[in-house]
Amino acid sequence: MTQSLKFMRFLSIYTSFGLLEIQRIFQYNAWFWVELGRGIIAMIIMTAFWKAIYADQTQLAGLTLTTTLSYVILARALNAANASSVYWWIAQHISKGELELQLLRPLDFQLLHLFRDAMSWFVGLLRSLPALLVGFIVFSAQLPTDFMAYMAFFITFFLGGIVMFFFEFMLGCIAFYTTEVWGLSVLREGIALFFSGAYIPLNFLPETFRVIASATPFAQATYVPISFLAGVQNPANLGNAILSQLISILVIAILSRWIFSKAVQVLTVQGG
Amino acid sequence: MPAIEVLNLEKVFSIPQRDPGLAGAFKGLFQPRYTKKVAVDKISFSLEAGEVVGYIGVNGAGKSTTIKMLTGILSPSSGHVRVLGRDPHKERVANARDIGVVFGQRTQLWWDLALRESLWLVAKIYEIPKVKFVALLEEFAHVLELEELLSKPIRTMSLGQKMRSELAATLIHSPRVVYLDEPTIGLDVLVKERIRGFLKTQNKQNGTTVLLTTHDLGDIEELCSRVLIIDSGKLIYDGALETIKQRFGTHRTMKFELAGAGLASPLHLPDGAEITSQEGSSLELRFDRVRCSASQIASSVMSQLEVLDFSIGEPDLTSIIKQIYAGGLS
């Protein structure tokens, strides 16, 4: 069998699991409306908040009100579109004693989940469209006119998703030792709130915090792509952004595979 | 080369110990205590290719833990395991290609998918050519009566339907080694019969090696000529089912239907026979066939009582296993 044929087969197997995830997401549509409603309420609050902040100034941290509003509205609309569910998935399957069934398949466990998550990001983008429309029509957010900004957004959106996937996978591995990750998830949410740039552009943080936050997987997945789309970051910076994301992927992927290889050795199957 | 080779296999779990109540939970945060539980205690055995072996033991004896180590899901604490020449834990993915596993109460099928789609996904994972898959699907659907279920999502199936589907998904890639952990648990007699028949055919046609864990001794008697018995993590018997039956099956039962209301005076029986129950006109005896014969007992009872009918019962595996668990091998 030629290498290309092998690769096609490999892609076909893993993509099938990704498509399965899309099928699953569309079976649970109630969440879509809840998320849309939550996003719109957040847009109303954030617009009022930022208008009050900008009441007597035209620029803050080098950003105009329009740019900041576009950023926060985009951040809300695209809320976690490239998020990963692998962390909860691993923890839940371990606590229910069902992870064993997944490990019985002759597939790379990590790669399988990466494909599942990557497919769900396409759905995430599609499901963000109504919220984006509301953002632009009702809250006057602006979209860039430069094609490169869109390119930069899509590339960094998917690379950021991959960074986040490997990071969440590492967190999920903790469940092999603790069998639950609720406490850790609360801590993670708290850190992500400030460092992802989901609520305020990182430009507003003090220099030291901004540098630290930019290096976190949260910012790589949220701030970096949205800052290109909102005009906070110039598309000319795309090269640097990609390089930074690729380095993060390489480091976290190697680390997460190593952690998984160790964690799987301590697996204690719940319920015998 | 044996299909499965196990030497001094051991699995020790660390189990957290917590004192009761809130105070205990709080204390556990700062002073976690663990106890060691030896789930599998240095067991050794091997299975030749094509063998069907029963693996029996009470709950918590270590059966499932052994199977999980053989599948590669759990890593052994010590000892040596080879399945088709591989270390199943270190070569988990390669090992998974050649094995099939059924865990009786858990499904490896996709909950929301119709059975046909689930099986197609399995075929993709194991790279089964389409033509072969279609032929196997037709055969399995016929033998396991899956025709009506193919378009049904797994979540809507009954336990028996799920188990038949599970078996199809486990065996459709023609694995060389199959582990069945309670495959007939909770199923009715007809479904059990169908599943046993299917497993027999698969073993005969493909030479599949089967390690079967079950509490249903009917499965063992129907499918296995050899059994492994595990108790508290230790392998206490590895040998022919027939040997066990002969060794522990010396006792027979005799049931008498009496003409009168029952025993008016004490019954004199030959040495080696005893009364096990007596209710109304029904009398049940148990005897050691080495020490006395059925005809001696029958003539003894008939000389003392008026007998309408009587029957002799063969020993069943359940009673034999009970004797073994009660220390019969020691």
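# Exercises on a predicted two-chain model

S256(A) sits in helix 12 (residues 238–263) of chain A; helices (H or I, at least four residues) and strands (E, at least two) are DSSP runs, numbered from the N terminus. This is a predicted model, where local features need pLDDT of at least 70, side-chain atom pairs count only at pLDDT 80 or more, and totals for chains, interfaces and linings use all residues. Residues are numbered from 1 along each chain as its sequence is written, chains are lettered from A and ligands numbered from 1 in the order in which they are written, and side-chain values use heavy atoms, with hydrogens and water left out.

## Exercise 1. Surroundings of S256(A)

Task: Classify S256(A) as buried or exposed, then find what its side chain meets.

Solution.
- Step 1. Take the relative accessible area of S256(A), which is 0%. The classes are buried (under 20% relative accessible area), exposed (over 50%) and partly exposed in between, with a 1.4 Å probe and protein chains only. S256(A) is therefore buried.
- Step 2. List contacts, meaning heavy atoms within 4.5 Å. Leaving aside neighbours within four places in sequence, S256(A) is in contact with Q110(A), F166(A), F169(A) and M170(A).
- Step 3. Look for a polar contact. That is a pair of N or O atoms within 3.5 Å; within protein, one must be able to donate a hydrogen and the other to accept it, and residues adjacent in sequence count only if both atoms are side-chain atoms. The side chains of S256(A) and Q110(A) make one at 2.8 Å.

## Exercise 2. Surroundings of T65(B)

Task: Place T65(B) in its element and list the residues it touches.

Solution.
- Step 1. T65(B) belongs to helix 2 (residues 63–71) of chain B.
- Step 2. Its relative accessible area is 11%, so T65(B) is buried.
- Step 3. Set aside residues up to four places away in sequence. T65(B) then touches K11(B), F13(B), A39(B), V40(B) and L74(B).
- Step 4. Compare sequence and space. T65(B) and S75(B) lie 10 residues apart in sequence and 9.9 Å apart from C-alpha to C-alpha.

## Exercise 3. Salt bridges in chain B

Task: For the partners of R82(B), R196(B) and R226(B), give the N to O distances.

Solution.
- Step 1. Apply the rule: a side-chain nitrogen of Lys or Arg within 4 Å of a carboxyl oxygen of Asp or Glu. Over all chains the count is 18 salt bridges.
- Step 2. R82(B) pairs with D87(B) at 4.0 Å, N to O. D87(B) is buried at 19% relative accessible area, whereas R82(B) is partly exposed at 28%.
- Step 3. R196(B) pairs with E193(B) at 3.3 Å. The two are three residues apart in helix 7 (residues 189–206) of chain B, so about one helical turn separates them. R196(B) is buried at 8%; E193(B) is partly exposed at 39%.
- Step 4. R226(B) pairs with D238(B), with the closest N and O atoms 2.9 Å apart. This pair links distant parts of the chain: R226(B) lies in strand 8 (residues 226–231) and D238(B) in strand 9 (residues 234–240), 12 residues apart. R226(B) is buried at 13%, and D238(B) is partly exposed at 37%.
- Step 5. Now turn to chain A. Salt bridges with shared partners join E168(A), R188(A) and E189(A) into one network.

## Exercise 4. The interface of chain A and chain B

Task: State how much area is buried between chain A and chain B, and which elements of chain A take part.

Solution.
- Step 1. Count residues. Chain A gives 29 and chain B gives 28 to the contact.
- Step 2. Find the buried area: the accessible area (1.4 Å probe) that two parts lose on being put together, summed over both. The value is about 2500 Å², with 59% from carbon and sulfur atoms. In chain A, L101(A), L104(A) and P106(A) lose the most area to chain B, together 26% of what that side buries.
- Step 3. Check the polar terms. The rule finds one salt bridge across the interface. E100(A) forms a salt bridge with K68(B), the closest N and O atoms being 3.8 Å apart. Five residue pairs are in polar contact across the interface, both residues at pLDDT 80 or more.
- Step 4. Assign elements. On the side of chain A that touches chain B, helix 1 (3–27) and helix 5 (99–103) of chain A each give two or more residues. Helix 1 of chain A supplies the largest share, nine residues.

## Exercise 5. Domains of chain B

Task: Give the domain bounds of chain B and the separation of the domain centres.

Solution.
- Step 1. Bounds come from an automatic or database domain assignment. That assignment gives domain 1 (4–245) and domain 2 (250–314).
- Step 2. Taken over C-alpha atoms, the centres of domain 1 and domain 2 of chain B are 44 Å apart.
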